[in-house]
2 protein chains.
Amino acid sequence: MEGVETRELVYFLAVATELHFTRAAERLGIAQPALSKAIRVLERRLGVRLLDRDSHRVALTEAGEVLLHEGRHALDAVTAAVRRTRRAGQDEPRLVLVMKPGGDRGLLPDILAAYDAEPGMPPVEVVVTNAPDRADRLRDGRADLALLHRPRDDLRGLDAEELAVEQQVAVMPRHHRLASRRSLRMADLRGEPLPRWVGTESEDATGPEVTDTAQLSQLVALGRVVAVLPESLLAPLRPELVCVPVLDATPSTLVLAWPEQSRSPAVAAFVRAATAVSARRLGTVDDDVARVVDA
Amino acid sequence: MEGVETRELVYFLAVATELHFTRAAERLGIAQPALSKAIRVLERRLGVRLLDRDSHRVALTEAGEVLLHEGRHALDAVTAAVRRTRRAGQDEPRLVLVMKPGGDRGLLPDILAAYDAEPGMPPVEVVVTNAPDRADRLRDGRADLALLHRPRDDLRGLDAEELAVEQQVAVMPRHHRLASRRSLRMADLRGEPLPRWVGTESEDATGPEVTDTAQLSQLVALGRVVAVLPESLLAPLRPELVCVPVLDATPSTLVLAWPEQSRSPAVAAFVRAATAVSARRLGTVDDDVARVVDA
DNA sequence: TCGGTTGATAACCTCCGGGAATGGAAGGGG
DNA sequence: CCCCTTCCATTCCCGGAGGTTATCAACCGA
């Protein structure tokens, strides 16, 4: 009656994403008949048809659609449990923190110092990556903490503490027609080519693809795009570029995120350290923003 | 290398909670040697010792502690996936909403009316229960929506929309020494017996256990306890009782919650209906609170 | 020291997951 | 129009994982 095995979920997800039994089977490293049988058993156990399949077409039913999403989450949870258990028991424990380059707004050194001040805490391993799956690394147990940005990153399934809010600025070459403005509104940027960040589907981006800030800096300097982002992301700024605050762009919030239901005292200690540092800095950061906006 | 089956997780959780192989085995309906072998296989696959066991004692290792928590969540996710898939495909779809008696502050009829106005949406089944696992029902797929109360309920793993904030009041018999006060502070209630809600571990509750509001009403009328709770929870109020606002009690927020990652259009429609009704009512509710606090 | 409790081990059985070969329905091209 | 290709389903078979019973070994308390 009850009881769906993770193996069955893996199999189903393979078929549901490929929509093709033979290809899914070879991706799984098994033969196609075994896969067909497994899916049929799964369907009978659930009492639900998951795939509509005739000889030349495989399509998800409504229930299959649901299992595709829910099953992904379930598998994430299982692999997260496995990874965290391995990490907890195997070698010397460490705390893994992921961030993207420049994504700490200069707070990280102080946070690390405050954390290291607490006795008996495992060392922190900082993973710096441009890959867009930083949040997923928390969900599937590869990391314990992440520095993320709201609203860019999807924080579902995560707990987070706000560390800093930063006004967005437009970055452009010194000679750009808007470069001398004190401030801008999004409407002023109509027609400007905006970069498309790979791995994100943005609505109004028309310009070239970019993968990291160094590349973006380069493209801005060449006058190929105008970027709207938190100022600290491009710091230190190339001399030939200028920043102009964009008043009505939704500000970017730096958050420290960790998996929900984390009971790790080390994570708790790090969060405490981070909020303490953030609170200490908050006044000055706000002043900075106010000064820029006033200007 | 990879691959932990849900069956193994179920087995481990049984042992980890019982801390006793024989009892866990019979709870699982299998023989003890099978369970021992399964755990050993699991440990070897993870490369981690989960349980320290000599002939007369079983204890969780640190890694075992982690797997106990993480594994629970993983299994919740799996069973949620199964339940939601079954519900999506089997019979005529319905939307299941859980709440506790009186936990809607009178908003639900209007919300249901607004929801029913949208065409093509599945009917709503309202489950009213005093059981303290309302939030869990969302997590494991037994329900799609829940009316919960912050900060009493644990909203981790859930998305939520705020519907109403309500000031807390102290409820007491008409002849109580504090009954004639216009307002109170928590300090005024020092020494009063506060009820202990079953299923919650409250810190400063010293009075008798209560399971529902009817019982609580009775105990208050008898002068056995003084309750601090949102006023609407006891409405309509017995004539022999009075409410006095408690100014510094953290107010209770009524929220509509649903599972994260829900992609159901029906859930989305219901949330839209609820926020619309809440917004329409918000002004008057705030006025009510203000009037009470002013008094 | 002895009996009772409890987890580990051993020997055996059963059935389920997987492989190889084959069937059969639906297109598509010549 | 026919045939060939494609792709899922069916059949038959095997090995091993998961389960059982019987037994042992260690540790407890009286």
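Two residues are in contact here if their C-beta atoms, placed from the backbone, lie within 7 Å. Keep that in mind as you go round this structure, which is a predicted model.

**Stop 1: a helix over a sheet in chain B**

Select residues 213-221 of chain B, which form helix 7. What does this helix lie across? Helix 7 of chain B lies across strand 7, strand 10 and strand 11 of chain B. Against strand 7 of chain B, the helix runs at about 55 degrees.

Now colour the strands beneath your selection. They make up an open sheet of three strands in chain B, in the order 10-7-11, and the pairing is antiparallel. Why does one side of strand 10 and of strand 11 lack a neighbour in the sheet? Strand 10 (227-230) and strand 11 (241-245) of chain B stand at the edges with a single partner strand each, so one side of each is left free of a neighbour in the sheet. Look along the sheet and you can follow its turn: on average, neighbouring strands are turned by 40 degrees against each other, direction ignored.

Next, zoom in on residues 168-173 of chain B, which are strand 7. Strand 7 and strand 10 of chain B are joined by four bridges in the antiparallel sense. For a landmark in this pair, show Val169(B), which has Leu229(B) of strand 10 opposite.

**Stop 2: where the two chains meet**

Zoom out and show both chains. Here, 35 residues of chain B are in contact with 35 residues of chain A. On the chain B side, select helix 1 (6-18) and helix 4 (62-89), the elements that give two or more residues to the side touching chain A. Helix 4 of chain B supplies the largest share, 19 residues. If you colour this side of chain B by residue class, you will find 13 nonpolar, 12 polar and 10 charged residues.

**Stop 3: the domains of chain A**

Move over to chain A and colour by domain: the assignment gives domain 1 (6-86), domain 2 (92-150 + 256-281) and domain 3 (168-245). The C-alpha centres of domain 1 and domain 2 of chain A are 34 Å apart. How many residues of domain 1 are in contact with domain 2 of chain A? Five residues of domain 1 are in contact with four residues of domain 2. The domain 1 side of that contact has one nonpolar, one polar and three charged residues.

Finally, select residues 4-61 of chain A, which an unreviewed UniProt entry annotates as "domain: HTH lysR-type". This stretch of chain A is 62% helix and 14% strand, and its end C-alpha atoms are 19 Å apart.

Notes: Residues numbered from 1 in each chain as written. Chains lettered and ligands numbered in written order. Predicted model: local features only at pLDDT ≥ 70, side-chain atom pairs only at ≥ 80, totals over all residues. Pairing = 2+ DSSP bridges. Axes fitted to C-alpha atoms, helices over the stretch in contact; angles between N-to-C directions. UniProt positions renumbered as here; feature names shortened; annotations may be inferred. Nonpolar A, V, L, I, M, F, W, Y, C, P; charged D, E, K, R; others polar. Domains from an automatic or database assignment.
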